[in-house]
Amino acid sequence: MAKQKIIYIILALSPIPVFFFSLFLGAYEIPPLTIIYMLFKKIISPFTRSPWPETYGAILFDIRIPRIILAMLVGVALSSSGATLQAIFRNPLVDPYILGLSSGAAFGCAISIAFLPGVPIQLCAFIFGLLAAFITYGIAKTRREVPTLSLVLAGIIVSALFFALVSIIKFMVDPHKLSTMVYWLMGSLSLSDWKAIYTSAPWIFVGCAPLFLMRWRLNALSMGDEEAKSLGIDVGRERGMFIAASALAVASAVSVSGIIGWVGLMIPHMVRMLIGPDHKRLIPLSMTVGASFMLLADDLARIVTTFEIPVGIITTISGAPFFIYLLKRGGVKVWAP
Amino acid sequence: MIQVRDLILRHKKLTILDGIGFNALPEEVTTIFGPNASGKTSLIKCINGTWNFDEGTITLDGQRIFRLKRRGMAKLLATVPQEHHPPFPYTTLEVVLMGRLPHVGLFSWPSQRDKGVAVKALEAVGIGHLAERPYTQISGGERQLTLIARSLAQEPKILLLDEPTAHLDFKNQISVLRVVRDLAKKEGLTVLLTLHDPNLSLIFSDKVALLNKGKMVAFGKPSSVITRENLKNVYDLDVDFLSQDGLRFIYPKIPGVE
């Protein structure tokens with residue numbers, strides 16, 4: 001038990017060292033001591049004139065820090081909704097895009113780039129992402145309830161439909177616009193600024209708060225509808241709430257980062273293997289580990305090559321081997337009885 | 001105490017339960033006994049509010065069930081499902097703690113006191129030592145006992161069990177039913193369960209309700225319900241009885257088998 005506690009604390013606090021580590025990384029070199037000095041100065045007297053070169057200030061406070069915060073927010077949103085939806089769908093192989101959200105967001109991005117240059121990509125992606133999730137839910141809903149199998153199937157249908165529409169747009173659009181689109185679809189945080197944080201953070205917070213506060217109830221919900229009902233849960237209402245909250249968090253994350261795969265599937269898994277499936281611990285730790293992982297992946301995207309690699313590619317490339325390792329090590333028994 | 005009166009359940013054009021009526025009393029084990037598709041599980045699902053029935057009344061400790069909210073119902077009545085593999089390997093204690101759900105606030109989780117109740121429930125069914133084991137890695141019988149412990153953690157007055165002996169081996173069938181019977185006697189619970197096996201029904205029940213094709217064929221003491229005539233009627237099977245040590249056992253008379 002003591003060992004579990006140590007793992008818990010390490011995972012819970014992991015974002016702090018990763019945050020500071022990431023501050024020091026970047027294409028433009030600023031001496032680490034200067035960075036620490038700048039941070040202190042900014043915290044102690046934020047409004048006095050800064051004694052450092054203007055480029056330093058711009059890079060640290062307007063580029064690196066917002067990007068770091070955004071990476072962490074996206075990690076939190078994807079991992080906690082992934083963990084939640086895995087419980088709701090009673091399937092550890094579910095990812096946050098199961099409701100067709102990513103394809104909807106992709107479609108939103110595509111029309112914004114191709115036809116509506118005046119409308120921000122983020123807004124379009126957010127709206128169409130939620131719309132897709134909504135349509136999925138609507139298709140699956142029968143007169144009285146929403147069976148999970150129908151939800152999964154409806155999600156597949158909606159995804160296929162929206163991705164087909166995206167393909168049509170890709171086919172028609174001019175090559176210059178196409179490359180922007182493809183880059184966005186692969187997922188990247190290169191466009192982060194404070195505005196992206198102001199627009200996405202409140203929604204991510206509103207979406208994640210209920211997941212965090214009501215997380216223990218996910219244990220019972222993951223045992224199946226009839227059991228959850230007999231334990232006193234209004235299954236239809238609570239499941240709908242969890243799905244809506246997850247969709248909101250994911251849609252706002254996707255709107256600022258593009259489609260970043262694997263994080264929402266992998267992080268809950270990893271945490272479950274390390275600390276067990278109890279959602280009372282799983283949700284908060286998925287949040288912190290998701291934040292750390294997303295941030296490290298983005299660090300790699302920033303520094304590995306002189307040009308930027310979309311972070312979605314990094315999450316997949318770094319995630320797959322780790323996943324395979326855990327699986328081979330005997331992790332299977334953790335989710336398959 | 002469960003009171004069922006003139007219960008009718010229809011599904012499309014079929015009448016699944018047809019005018020069922022009986023009382024199940026505290027400190028007693030009442031068994032619903034009958035062949036497949038006789039309506040045993042449907043009756044359980046009507047009583048625990050999973051399904052809405054068409055006519056009649058069901059009252060639990062004097063309260064009509066349609067007046068009860070989910071949470072209130074869960075404090076009064078616990079249903080023990082058949083054992084199964086959940087998708088995630090919760091520890092046995094975590095599974096039992098789920099039983100505290102109706103007592104724990106919406107934005108909260110089990111307190112130290114809730115944990116105490118759960119541990120006591122595990123001990124009451126005799127598997128306190130399994131608390132930290134993954135629920136997916138214990139035996140079927142132990143899983144069934146865990147689910148009974150979870151129901152106890154709800155601190156209900158009424159316990160429903162739908163075929164608690166299905167999928168269990170002979171020894172585990174006996175140990176589960178013994179635990180259930182002890183709970184009725186010691187804790188004063190009203191226990192209602194469904195069974196397939198006439199001998200187990202004879203041994204462990206205080207009252208038996210014999211169901212066939214949605215109708216109640218007989219209700220009362222086991223020895224007066226599980227009779228040669230009734231079984232011939234319901235199963236179309238010739239049976240006979242053996243008496244030993246004050247217990248009666250039933251066996252089928254099969255031509256050619258001596």
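This report looks at strand β8 of chain B and at the contact between chains A and B.

**A covered strand.** The model is predicted, so treat what follows as a reading of that model. In chain B, strand β8 spans residues 190–195, and six of its six residues are buried. That makes β8(B) a mostly covered strand. Its two faces tell one story: B:T190, B:L192 and B:T194 on one side are buried, and so are B:V191, B:L193 and B:L195 on the other.

**Its neighbours.** Which strands of chain B pair with β8(B)? Strand β3 is one of them, in the parallel sense, and strand β7 also runs parallel to β8(B). The table sets out the two pairings, and B:L192 appears in each row.

| Strand of chain B | Residues | Bridges to β8(B) | Residue facing B:L192 |
|---|---|---|---|
| β3 | 29–33 | five | B:T30 |
| β7 | 158–161 | four | B:L160 |

With β7(B) there is a further link: β7(B), helix α6 (residues 170–187) of chain B and β8(B) form a β-α-β unit, and this unit is right-handed.

**Where the chains meet.** Turning to the interface, 24 residues of chain A are in contact with 23 residues of chain B. On the chain A side, helices α10 (217–221), α11 (225–230) and α15 (311–335) supply at least two residues each. The most comes from α11(A), which gives four residues. By kind, the chain A side holds 12 nonpolar, five polar and seven charged residues.

Terms used:
Residues numbered from 1 in each chain as written. Chains lettered and ligands numbered in written order. Predicted model: local features only at pLDDT ≥ 70, side-chain atom pairs only at ≥ 80, totals over all residues. Buried ≥ 20, exposed ≤ 12 C-beta atoms within 10 Å, placed from the backbone. Pairing = 2+ DSSP bridges. Right-handed = clockwise from strand over helix to strand, strands pointing away. Contact = placed C-beta atoms within 7 Å. Nonpolar A, V, L, I, M, F, W, Y, C, P; charged D, E, K, R; others polar.
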